[in-house]
Amino acid sequence: MLFDWDGTLVNSHPLNFQGLSRACANWELDMGESFYTARIGTSGAELITGLAASAGKSVPVGEVVAQCLDIIIAEIGNLQTYPAVVQLAETLHGRLPLAIASGGARRAVHAGLDTTALRPLFDVIVTGEDAHRGKPDPELFLQAATRLGVTPERCLVYEDSPEGIKAAQAADMHVVDVRCFREERRPSRPDSSDSCRTSAGGDA
């Protein structure tokens, strides 16, 4: 079983938005919440690059990302979990191999695992620095499967973003859209689902 981190096991979007918007403001970039929400599932570096391009500015993306991470780490104690998905992971722990496959930064994911005490549940943790390409590319999921010692077709992925779902399908893995497990869901997007769905890799 492979779990995404941001938006799947934890409601990290408020913290991530706070970090990105405050870091961008230091470089006179205004990241509105609508800009961020429409691109959930995209890496921070890509968000910053896109925002700077739309504003006609050039910024040191690596420095902005580092500032963003500093802000997130400072506030990591406020991170909240999604209880239904955490309960699922707790139930499966010790029965099946479990991994996290997140496009998030290693510092943020590991800090989140420590503050939520979820680290012991997972045999493998793969983060954005471990892959050359982020989701929707399947590399993160394929790396997690390799480290677990299982073939992709035997993996079930829990995801919340269209990009992550596409990545799981491209990896020939089964995937569950966890957004219906949330008590409070973000506004729907054209490609979002109104109910939990399970699909096999390559299926629509």
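At what angle do helix α3 and helix α4 pack, and how far apart are their axes? In this predicted model, α3 (residues 44-54) and α4 (residues 61-74) meet at about 125°, and their axes lie 10 Å apart. That angle makes the two helices oblique to each other, because it falls in none of the ranges for roughly parallel, roughly antiparallel or roughly perpendicular pairs. The crossing of α3 and α4 is right-handed. On the α3 side the contact uses G44, A45, I48 and T49, and on the α4 side V61, V64 and V65. Sorted by class, the α3 and α4 contact comes out as 5 nonpolar residues, 2 polar ones and no charged ones.

**The overall picture**

Let's step back to the whole chain. There are 8 helices and 8 strands in the protein. Of the 204 residues, 48% are buried. Among contacts with a separation of 6 or more, 63% link residues that sit 24 or more positions apart. The exposed area is about 9800 Å², and carbon and sulfur atoms supply 50% of that area.

**α4 again, this time with α6**

Helix α4 has another partner to look at. The axes of α4 and α6 come within 10 Å and cross at roughly 5°. An angle under 35 degrees counts as roughly parallel, so that is how α4 and α6 run relative to each other. From α4, the residues in this contact are A66, L69, D70, I72 and I73; from α6, they are R107, A108 and A111. The class count for α4 with α6 is 6 nonpolar, no polar and 2 charged residues.

Here are the two helix pairs side by side.

| Helix pair | Angle | Axes | Contact residues by class |
|---|---|---|---|
| α3 and α4 | about 125° | 10 Å apart | 5 nonpolar, 2 polar, no charged |
| α4 and α6 | roughly 5° | within 10 Å | 6 nonpolar, no polar, 2 charged |

As for α6 itself, A108, V109, A111, G112, L113 and T116 are its buried residues. Those residues pack against α4 and also against the strands β2 (10-11), β3 (80-81), β4 (99-101) and β5. A108 and A111 turn up in both roles: they are buried, and they belong to the contact with α4.

**Around β3**

The loop between α4 and β3 holds E75. Is E75 buried or partly exposed? With 27% relative accessibility, E75 counts as partly exposed, since buried would need a value under 20%. Its C-alpha atom is 7.4 Å from that of L15, even though E75 and L15 are 60 residues apart along the chain. Setting aside neighbours within four places in sequence, E75 is in contact with L15 and Q18.

On the other side of β3, in the loop leading to α5 (83-92), you'll find Y82. Y82 has a relative accessible area of 13%, so this residue is buried. There is a long-range pairing to note here too: Y82 and S12 are 70 residues apart along the chain, with their C-alpha atoms separated by 9.9 Å.

**α8 and how enclosed it is**

Why is α8 described as largely enclosed by the rest of the structure? The reason is that 7 of its 9 residues are buried. The buried ones are P162, E163, G164, I165, A167, A168 and Q169.

**Backbone oddities**

Most residues other than glycine have a negative phi, and most peptide bonds are trans. A few spots here go the other way.

A117 has a phi near 60°, a positive value in a residue that isn't glycine. A117 comes just after α6, in the loop that runs from α6 (106-116) to β5. Its relative accessibility is 56%, so A117 counts as exposed.

D172 is a similar case, with a positive phi near 65°. D172 follows α8, in the loop between α8 (162-170) and β7 (174-177). At 48% relative accessibility, D172 counts as partly exposed, because exposed takes a value over 50%.

Finally, the bond between K135 and P136 is a cis peptide bond, with omega at about 20°. P136 sits in the loop between β5 (124-126) and α7 (139-148).

Terms used: Residues are numbered from 1 along each chain as its sequence is written. This is a predicted model: local features need pLDDT of at least 70, side-chain atom pairs count only at pLDDT 80 or more; totals for chains, interfaces and linings use all residues. Side-chain values use heavy atoms; hydrogens and water are left out. Axes are lines fitted to C-alpha atoms, for helices over the stretch in contact, and angles run from 0 to 180 degrees between N-to-C directions. Helices (H or I, at least four residues) and strands (E, at least two) are DSSP runs, numbered from the N terminus. Angles under 35 degrees count as roughly parallel, over 145 as roughly antiparallel, 65 to 115 as roughly perpendicular and the rest as oblique. A crossing is left-handed if the near helix is turned anticlockwise from the far one by less than a right angle, and right-handed if clockwise. Contact means heavy atoms within 4.5 Å. Ala, Val, Leu, Ile, Met, Phe, Trp, Tyr, Cys and Pro count as nonpolar, Asp, Glu, Lys and Arg as charged, and the others, Gly among them, as polar. Buried means under 20% relative accessible area, exposed over 50%, partly exposed in between (1.4 Å probe, protein chains only). Accessible areas come from the Shrake-Rupley method with a 1.4 Å probe; for residues, only the protein chains shown count as cover.
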